[in-house]
Amino acid sequence: MKLVIGKGSCGIAAGADKVSDSAEKYIAEKNLNIPVSVTGCIGMCYLEPIVDIIKDNGEKTTYVKVTADAIKEIIDSELAGNICEKYLIPKEDKERLESQTRIALRNCGIINPESIDEYIEKGGYKAIEKCVKELKPEQVIDIIKVSGLAGRGGAGFPTWFKWQAARNSQGTKKYVICNADEGDPGAFMDRAVIEGDPNSVIEGILVGAYAMGADEGIVYVRAEYPLAIVRLTNAIKQAREKGFLGKNIFGSDFSFDLRIKAGAGAFVCGEETALIASLEGERGMPRLKPPFPAQKGYWQKPSNINNVETYANVPWIIVNGGEKFAAMGTPDSKGTKVFALTGKIKNGGLVEIPMGAKIKDVIYGVGGGIKEDRKFKAVQMGGP
C-alpha cells in the first residue's frame, strides 16, 4: 500500500503539506512500511487536499478534503481492510472526472511529476524515440497536420503550419520556445500541466525541435509559478541524465537542449513577439509582423513558439496517430481543450473535454452549476 498526495499549487494551498507531514509522522510512529508519494493537480481543486490510497494489487481509493487528523483515520481504516467513508470521494465527483477526455492532462494527478521514471512507465519518451528512429522530420509535421492540432494559447493557429514555416526557413541555428507566460485572470491550465506532468511538455518540445531542425529551446515561464519552475527544472535535469536532452539523442544526429527563462509577469508577453523581446532583455512590446518569428525570431534567427498545452498534446499524437486526435472535437476544431473553471461556480478547477462541447454542459456538468443555485447571468471565455 502507498499514499499519493495531490501537491499542485491548489492542493498545497488547501493544506496538502500538513497532510503529508502528518502522514509521514504517523507512519514513522507506528513503524509502518507505507511510502508517501506526491502527484499534481487532477483538476478537482474544489476537493483538495486529495489523497489516493493505492493497494499492492493496484486498486485505488480516493479521499477528498483530507485534513492532518483525517489522514490518520484513513490509514487506520485502510490497514483494517475498510474504506473510510467519511472522506471518500462522492460518486458524482468521480463520475465528473471520468466523463472527461484527458489528453493534455493524461498524467496529471496520476504520476509523480518529480520522477521521470514514472513518466517513462506511462510510455514517456516513446514519441521522440519513434520520431528519431522511424520518422523523417517531414513525416512528423504531416502527422501533426493530420491531427488538426491548433495552438492552445488562444490564437488557434495550425501547429503544423508554424512548424513547417520554421523548417523551411534558411539558417542552421533555430530556436524552439515554449510560451508558459499564462497571464489570463483565472487561468491556470499551463501551470497545472507543468506542475503535474513536466516531461510531457519537454517531450513535445523535443518532437517539435526534431521536426523543425532546432538544437536549442527555451521555456518562458512567469515567475509567479515557482512550483512549476522547480518541477520543470528537476525534469530537465533528469531528462539530461537519461540522455533525452543533450548530444546525439537515441544515438542519432539529433542534439537538443533546453533551458528556462523566468518572466516578470507582464500580460503582453503572452504575445509571441513581445515574449521574444523580453527573452532578448528588452521591454516586452509586440513587434510588427512580417517578418514572422519563423523567419526572424529570437536573435533574428528562425524561431517557433507554441504554448504549454499545445506541446503536451504532441507526444500523445505521435504515439497514437494524428487520425485518432482528429476524430475528437468538431470538423473545424480537432481534439480536446483544457479549461480552468473559476468564479461563482460550485466546482472550481480544471476540465478537459472534446472541442465543441456546450458551455452549459461544462458549467452545469463538471462545474456543478452556479454557487448557491443562483441564476446564471454571464460567462467570460478566455482573456481579460
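Strands here are DSSP runs of E at least two residues long, numbered from the N terminus, and K337 sits in one of them, strand β9, which covers residues 336-341. Keep in mind that this is a predicted model. Overall, the protein has 15 helices and ten strands. The radius of gyration is 21 Å, close to the 21 Å the globule rule gives for 384 residues, so the protein is as compact as a globular protein of that length.

**The whole chain**

- Along the principal axes, the C-alpha trace spans about 65 × 55 × 40 Å.
- Buried residues make up 54% of the 384 in the protein.
- If you take the contacts with a sequence separation of 6 or more, 69% of them are between residues 24 or more positions apart.
- The accessible surface adds up to about 17,500 Å², and carbon and sulfur atoms own 51% of that.
- On the charge side, there are 51 positive and 49 negative side chains, and the centres of the two sets lie 4 Å apart.

**K337, a lysine in β9**

- Is K337 buried or exposed? With a relative accessible area of 12%, K337 is buried, because the cut-off for that label is under 20%.
- The K337 side chain has a partner: a polar contact of 2.7 Å joins it to the side chain of E309.
- Leaving out residues up to four places away in sequence, K337 touches R152, M189, E309, V351, E352, I353 and M355.
- That partner, E309, belongs to the buried set of helix α13, which comes up again below.

**Y63 and its surroundings**

- Y63 is part of strand β4, residues 60-63.
- Its relative accessibility is 0%, so Y63 counts as buried.
- Which backbone atom does the side chain of Y63 reach? It's the nitrogen of C84, at 3.2 Å.
- C84 also turns up among the contacts of Y63 beyond four places in sequence, alongside P49, I50, V51, I53, I74, E78, N82, I83, Y87, L88 and I89.
- One of those, I50, is 13 residues from Y63 in sequence, and the two are 5.8 Å apart in space, C-alpha to C-alpha.
- Another of the Y63 contacts, P49, follows a cis peptide bond that joins it to E48, with omega about -10°.
- P49 itself lies in the loop between β2 (36-39) and β3 (51-54).

**Two covered helices**

- α12 (272-279) is largely enclosed by the rest of the structure, since eight of its eight residues are buried.
- Those buried residues are E272, T273, A274, L275, I276, A277, S278 and L279.
- What do the buried residues of α12 pack against? They pack against α8 (159-168), β5 (175-180), β6 (216-222), β7 and β8.
- After α12 comes G281, which has a positive phi near 90°.
- α13, residues 308-320, is mostly covered too, with eleven of its 13 residues buried.
- The buried residues of α13 are V308, E309, T310, Y311, A312, N313, V314, P315, W316, I317 and I318.
- This helix is also followed by a glycine with positive phi: G321, near 100°.
- As background, an α-helix has 3.6 residues a turn, so residues three or four places apart point the same way.

**Backbone spots to check in the loops**

- Besides the E48 to P49 bond, the peptide bond from K289 to P290 is cis, with omega near 0°.
- Where is P290? Look in the loop between α12 and β8 (303-307).
- N248 has a positive phi near 45° even though this residue isn't glycine.
- F250 is another non-glycine residue with positive phi, near 55°.
- N248 is in the loop between α11 (226-242) and β7 (257-263), and F250 is found in the loop between α11 and β7 as well.
- N248 is partly exposed, with a relative accessible area of 44%.
- F250 also counts as partly exposed, at 27% relative accessibility.

Key
Residues are numbered from 1 along each chain as its sequence is written. This is a predicted model: local features need pLDDT of at least 70, side-chain atom pairs count only at pLDDT 80 or more; totals for chains, interfaces and linings use all residues. Side-chain values use heavy atoms; hydrogens and water are left out. Helices (H or I, at least four residues) and strands (E, at least two) are DSSP runs, numbered from the N terminus. The radius of gyration is taken over C-alpha atoms; the globule rule is 2.2 Å times the number of residues to the power 0.38. Buried means under 20% relative accessible area, exposed over 50%, partly exposed in between (1.4 Å probe, protein chains only). Contact means heavy atoms within 4.5 Å. Accessible areas come from the Shrake-Rupley method with a 1.4 Å probe; for residues, only the protein chains shown count as cover. Lys and Arg count as positive and Asp and Glu as negative; His and the chain ends are not counted. The place of a charge is taken as NZ of Lys, CZ of Arg, CG of Asp or CD of Glu. A polar contact is a pair of N or O atoms within 3.5 Å; within protein, one must be able to donate a hydrogen and the other to accept it, and residues adjacent in sequence count only if both atoms are side-chain atoms.
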